[in-house]
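User: I would like to go through this model step by step, with the reasoning behind each value spelled out. Please begin with the cut-off that the first answer will need.

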Amino acid sequence: MMNIDRNDLDEVIAKTFNEVKTAVNTHSEKSIQMYSNALRALVELRQQILSEERVGS
């Protein structure tokens, strides 16, 4: 996973978080679920990248 840019990933995480906030504000249950699941997966990916970087250091 070394080819994933951390800054790009962080930007996608931030945008997805904003989508979750928008879904909450509009009370869109399907969007809340979809974006929450996406955000959770992105954060897990970010944690995995950090773990791999620590091991590789």
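Analyst: A residue is called buried when its relative accessible area is under 20%, exposed when that area is over 50%, and partly exposed in between. The model discussed here is predicted.

User: Is Asn7 buried or exposed?

Analyst: Asn7 belongs to helix α1, which covers residues 6–26. Its relative accessibility is 58%, and the cut-off for the outermost class is over 50%. Asn7 therefore counts as exposed.

User: How many helices and how many strands does the protein have, and what would a compact globule of 57 residues lead one to expect for the radius of gyration, against what the protein has?

Analyst: The protein has two helices and zero strands. Along its principal axes, the C-alpha trace spans about 45 × 15 × 15 Å. For a compact globule of 57 residues the radius of gyration would be near 10 Å, but for the protein the value is 13 Å.

User: What distance separates the end C-alpha atoms of helix α2, and what span should its residues give?

Analyst: Helix α2 runs over residues 29–56 and holds 28 residues, which at 1.5 Å a residue should span 40 Å. The expected span is taken as 1.5 Å times one less than the number of residues. The end C-alpha atoms agree with that expectation, because the distance between them is 41 Å.

User: Which residues of α2 are buried, and which helix do they pack against?

Analyst: An α-helix has 3.6 residues a turn, so residues three or four places apart point the same way. In α2 the buried residues are Ser36, Leu39, Leu42, Arg46 and Ile49. The helix against which these buried residues of α2 pack is α1.

User: Why does Arg46 count as buried, and which residues does Arg46 touch beyond those up to four places away in sequence?

Analyst: Arg46 sits in helix α2, and it counts as buried because its relative accessible area is 15%, with the cut-off at under 20%. Leaving aside residues up to four places away in sequence, Arg46 touches Arg6, Leu9, Asp10 and Ile13.

User: Where does His27 lie, and what is its phi?

Analyst: His27 lies in the loop between α1 and α2. With a relative accessible area of 70%, His27 is exposed. Although His27 is not a glycine, its phi is positive, at about 60°.

User: What separates the C-alpha atoms of Thr26 and Val55, and what separates those of Asn37 and Thr16?

Analyst: Thr26 is in helix α1 and counts as exposed at 52% relative accessibility, whereas Asn37 is in helix α2 and counts as partly exposed at 46%. Thr26 and Val55 are 29 residues apart along the chain, and their C-alpha atoms are separated by 42 Å. For Asn37 and Thr16, 21 residues apart along the chain, the C-alpha separation is 9.9 Å.

User: Among contacts between residues at least 6 apart in sequence, what share joins residues at least 24 apart, and how far apart are the centres of the positive and negative side chains?

Analyst: Of the contacts between residues at least 6 apart in sequence, the share that joins residues at least 24 apart is 66%. The protein carries 7 positive and 9 negative side chains, and the centres of the two sets lie apart by 5 Å.

Terms used
Residues are numbered from 1 along each chain as its sequence is written. This is a predicted model: local features need pLDDT of at least 70, side-chain atom pairs count only at pLDDT 80 or more; totals for chains, interfaces and linings use all residues. Side-chain values use heavy atoms; hydrogens and water are left out. Helices (H or I, at least four residues) and strands (E, at least two) are DSSP runs, numbered from the N terminus. Buried means under 20% relative accessible area, exposed over 50%, partly exposed in between (1.4 Å probe, protein chains only). Contact means heavy atoms within 4.5 Å. The radius of gyration is taken over C-alpha atoms; the globule rule is 2.2 Å times the number of residues to the power 0.38. Lys and Arg count as positive and Asp and Glu as negative; His and the chain ends are not counted. The place of a charge is taken as NZ of Lys, CZ of Arg, CG of Asp or CD of Glu.
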